[in-house]
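I opened the notebook today to look up aromatic rings and strand pairing. Here is what I wrote down, entry by entry.

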Amino acid sequence: YPNIYSSDEMGNCFRTASQIVDPVETVQIPVDVQGCSTFQSPAIVTGKQGRAPGELDWPFGVAIHEETHRIFVANQWNNRVEIFSETGEFLYQLGVGQLSRPWGIATHGDSVYVSCWGDHTVSKFSLTEMCRVRRIGGEGSDNGQFIYPHQLTADPIGRVFIADTGNNRISIFDPDLNHLRNNTFY
């Protein structure tokens with residue numbers, strides 16, 4: 001599986017790995033990626049392998065909140081999102097019991113967006129309310145449906161771009177996850 005990179009506004013890059021290198025120790029991954037600045041200390045992707053809060057099992061997506069610099073990790077086999085401080089301290093979780101194989105993750109303002117392979121959906125969470133406020137999708141090719149949604153990102157005005165792998169398209173939504181359009185690639 002490929003490594004997935006994200007960067008914060010200071011240019012620090014973060015990488016997730018498909019497996020935890022050492023299941024006991026915190027994983028610190030220095031990253032030197034084209035387009036991202038090199039920095040003095042390693043970026044921290046933290047956690048140990050397991051099922052307890054703050055532990056990781058096949059982390060895939062990672063996002064850094066643009067204001068708080070908190071690290072959000074799509075914890076695929078634990079079916080939840082883990083949130084860590086910018087120094088790697090575990091803070092809390094989102095989506096416990098609500099996500100099915102979370103893969104991609106993005107933040108914008110008060111919102112966290114998560115794509116899920118297990119049920120072909122995308123969820124929006126509110127950081128203020130600490131709960132899911134919207135879920136869209138389901139398997140299919142109609143507008144607002146997905147076949148294995150992969151990575152996603154939010155632009156500066158909050159539009160959400162979703163890589164809809166099985167439909168060979170990028171689906172674009174407004175910040176409330178209302179469908180705007182698809183860009184299809186064949």
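**Aromatic pairs and two sheets**

I began with F173, which is buried, with a relative accessible area of 1%. I keep in mind that this is a predicted model.

Next I asked which ring F173 pairs with. I found F146, in a tilted aromatic pair: the centres are 5.9 Å apart and the planes make 50 degrees. That angle lies in the range from 30 to 60 degrees, so the label is tilted. I then checked where the partners sit: F146 is in the loop between β12 (131-137) and β13 (149-154), and F173 is in strand β15 (residues 169-173). They are 27 residues apart, so I noted a pair that links distant parts of the chain. F146 counts as buried, at 0% relative accessibility.

I looked up the total as well: the structure holds 6 aromatic pairs. Stacked or tilted, I wondered, for W103 and W117? Their ring centres are 4.4 Å apart and their planes are at 20 degrees, so the pair is stacked. This pair, too, links distant parts of the chain, with W103 in strand β9 (residues 102-108) and W117 in the loop between β10 (111-116) and β11 (121-126), 14 residues apart.

Buried or exposed was my next check for these two. W103 is buried at 7% relative accessible area, while W117 counts as partly exposed at 25%. The cut-off for buried is under 20%, so W117 does not fall in that class.

I also noted one aromatic cluster, formed by W58, F60, W103, W117 and Y148.

Then I turned to the strands. In what order do the strands of the open sheet with β15 run? I read β13-β14-β15-β16, 4 strands with antiparallel pairing. β13 and β16 (179-184) are the edge strands; each has a single partner strand, so one side of each has no neighbour in the sheet. Neighbouring strands here are turned by 20 degrees against each other on average, direction ignored. I followed one pairing further: β13 and strand β14 (residues 160-164) are antiparallel over 4 bridges, and P149 stands opposite D164 in β14.

My last entry covers the open sheet with β9. Its 4 strands come in the order β9-β10-β11-β12, again with antiparallel pairing. β9 and β12 stand at the edges with a single partner strand each, so one side of each is left without a neighbour in the sheet. The average turn between neighbouring strands is 20 degrees, direction ignored. I counted 6 bridges joining β11 to β12, which run antiparallel, and I found V122 opposite I136 in β12.

Note on methods. Residues numbered from 1 in each chain as written. Predicted model: local features only at pLDDT ≥ 70, side-chain atom pairs only at ≥ 80, totals over all residues. Heavy atoms only, no water. Phe/Tyr/Trp six-rings, centres within 6.5 Å; stacked < 30°, edge-to-face > 60°. Helix = DSSP H or I, 4+ residues; strand = E, 2+ residues; numbered from the N terminus. Buried < 20%, exposed > 50% of the residue type's maximum accessible area, 1.4 Å probe, protein only. Pairing = 2+ DSSP bridges. Axes fitted to C-alpha atoms, helices over the stretch in contact; angles between N-to-C directions.
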